[in-house]
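User: I'm just starting out with protein structures and would like a close look at a single part of this one. Could you take me through the sheet and what packs around it?

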Amino acid sequence: LWKVSISRDDMADFAIVISQYIRTHKTKNSSVNCLLVCPDCYDQHIFLKNKLQSHYGERIILDVCNDKDEVPKYQKIDMILSTIHIPRNNRLVQISPSLTDKDYSAIRSKIEQIENKRRIKNFYMYLKCYSSAELFERNHDFSSREEVLTYITNRLEAKKYGSDLLEDILLREKSDSTCFHNMIAVPHISKKTVNHNCIYII
């Protein structure tokens, strides 16, 4: 709007504000679904399953398959851990029957990759829930904070998002400003005067 640059610190602040809801409202099933492919020999699969669950805890949900030909039957799997050779794919982590430090590192890296992809997917999902094309505008020329807030709140009230929004926002700003550096701010209300939560970008 004012043709100013946004520093990395500002971007970090925005990420904290926007992702606050996501951090405090995690999905019920946030664990990574894993399939352990291991022969049924001398209870090796039980040993590996116990070691993996003890090491990674609730970060993984582990199922066991003793036959590599049965792998395609498992549809909802995020990661495959296999002690036997199976065709490579982007879900596979080949491991040793004895679980070496290298194996643990490779598994941890894969889990983090899957978790990061989920976080990005969830971010966009929540962003789509709380914002839309009609809530994004650019190329305006406002002369004051009040003018910007009046414009936004009038638009939101016309779209039935809530009532008395300007008064609540100014009250919130008086108690603790939401302004960041470079004339960037994330004003919001502290009372339940909204019918729908939303993110208005201007």
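Analyst: Here is a walk through the sheet, one strand or helix at a time. Keep in mind that what you're looking at is a predicted model.

Let's start with the layout. The sheet is open and has four strands, in the order 2-1-3-4, with parallel pairing. Strand 2 and strand 4 (92–94) sit at the edges with a single partner strand each, so one side of each has no neighbour in the sheet. Going from one strand to the next, the twist averages 25°.

Now for strand 1. Six of its six residues are buried, so you can think of strand 1 as mostly covered, given that buried means under 20% relative accessible area. Which way do its side chains go? Val 32, Cys 34 and Leu 36 point one way, while Asn 33, Leu 35 and Val 37 point the other way, and all are buried. Strand 1 runs parallel to strand 2, and six bridges join them. If you want a spot to find in the viewer, look for Asn 33, which stands opposite Ile 61 in strand 2.

While you're there, stay on strand 2 and pick out Cys 65. Cys 65 has a relative accessible area of 3%, so it counts as buried. Along the sequence, Cys 65 and Val 37 are 28 residues apart, yet in space they are 4.8 Å apart, C-alpha to C-alpha. Leaving out residues up to four places away in sequence, Cys 65 touches Leu 35, Leu 36, Val 37, Cys 38, Glu 70, Val 71 and Tyr 74.

Over to strand 3 and strand 4. These two run parallel as well, joined by three bridges. Here the pair to look for is Ile 80 and Leu 92, with Leu 92 sitting in strand 4 opposite Ile 80.

Next comes a helix that lies against the sheet. Helix 3 packs on it, touching strand 1, strand 2 and strand 3, and its direction makes about 170° with that of strand 2. Helix 3 has 13 residues and reaches 18 Å from its first C-alpha to its last, close to the 18 Å expected at 1.5 Å a residue. Which residues of helix 3 are buried? They are His 45, Leu 48, Leu 52 and Tyr 56. These four cover an arc of only 65° around the axis, which puts them on the same side of helix 3. There's a handy rule behind this kind of pattern: an α-helix has 3.6 residues a turn, so residues three or four places apart point the same way. The cover over the buried residues of helix 3 includes strand 1, strand 2, strand 3 and helix 4. Just after helix 3, Gly 57 takes a positive phi of about 55°.

That brings us to helix 4. Its 30 residues should span 44 Å at 1.5 Å a residue, and the end C-alpha atoms are 43 Å apart, which agrees. Its buried residues are Asp 103, Tyr 104, Ile 107, Lys 110, Ile 111, Ile 114, Glu 115 and Tyr 126. Before you reach helix 4, have a look at the loop between it and strand 4, where Leu 99 lies. Most residues other than glycine have a negative phi. Leu 99, though, has a positive phi, near 55°. At 7% relative accessibility, Leu 99 counts as buried.

So what do the strands and helices share? The largest nonpolar core has 19 residues, and those with the most contacts inside it are Leu 36, Leu 52, Met 79, Leu 81 and Ile 107. The elements giving two or more residues to this core are strand 1 (32–37), helix 3 (44–56), strand 2 (60–65), strand 3 (79–82) and helix 4 (101–130). Helix 4 gives the most, with four residues.

Met 79 is a nice place to finish. Setting aside neighbours within four places in sequence, Met 79 is in contact with Val 32, Asn 33, Cys 34, Leu 35, Arg 91, Val 93, Ile 107, Lys 110, Ile 111 and Ile 114. And if you scroll away from this core, another one lies apart from it, made of eleven residues, among them Phe 142, Val 148, Ile 152 and Tyr 161.

Conventions. Residues are numbered from 1 along each chain as its sequence is written. This is a predicted model: local features need pLDDT of at least 70, side-chain atom pairs count only at pLDDT 80 or more; totals for chains, interfaces and linings use all residues. Side-chain values use heavy atoms; hydrogens and water are left out. A nonpolar core is a set of buried Ala, Val, Leu, Ile, Met, Phe, Trp, Tyr and Cys residues joined through side-chain atoms within 4.5 Å. Buried means under 20% relative accessible area, exposed over 50%, partly exposed in between (1.4 Å probe, protein chains only). Contact means heavy atoms within 4.5 Å. Two strands pair if DSSP finds at least two bridges between them. Axes are lines fitted to C-alpha atoms, for helices over the stretch in contact, and angles run from 0 to 180 degrees between N-to-C directions. The expected span of a helix is 1.5 Å times one less than its number of residues. The arc is that of the directions from the helix axis to the C-beta atoms.
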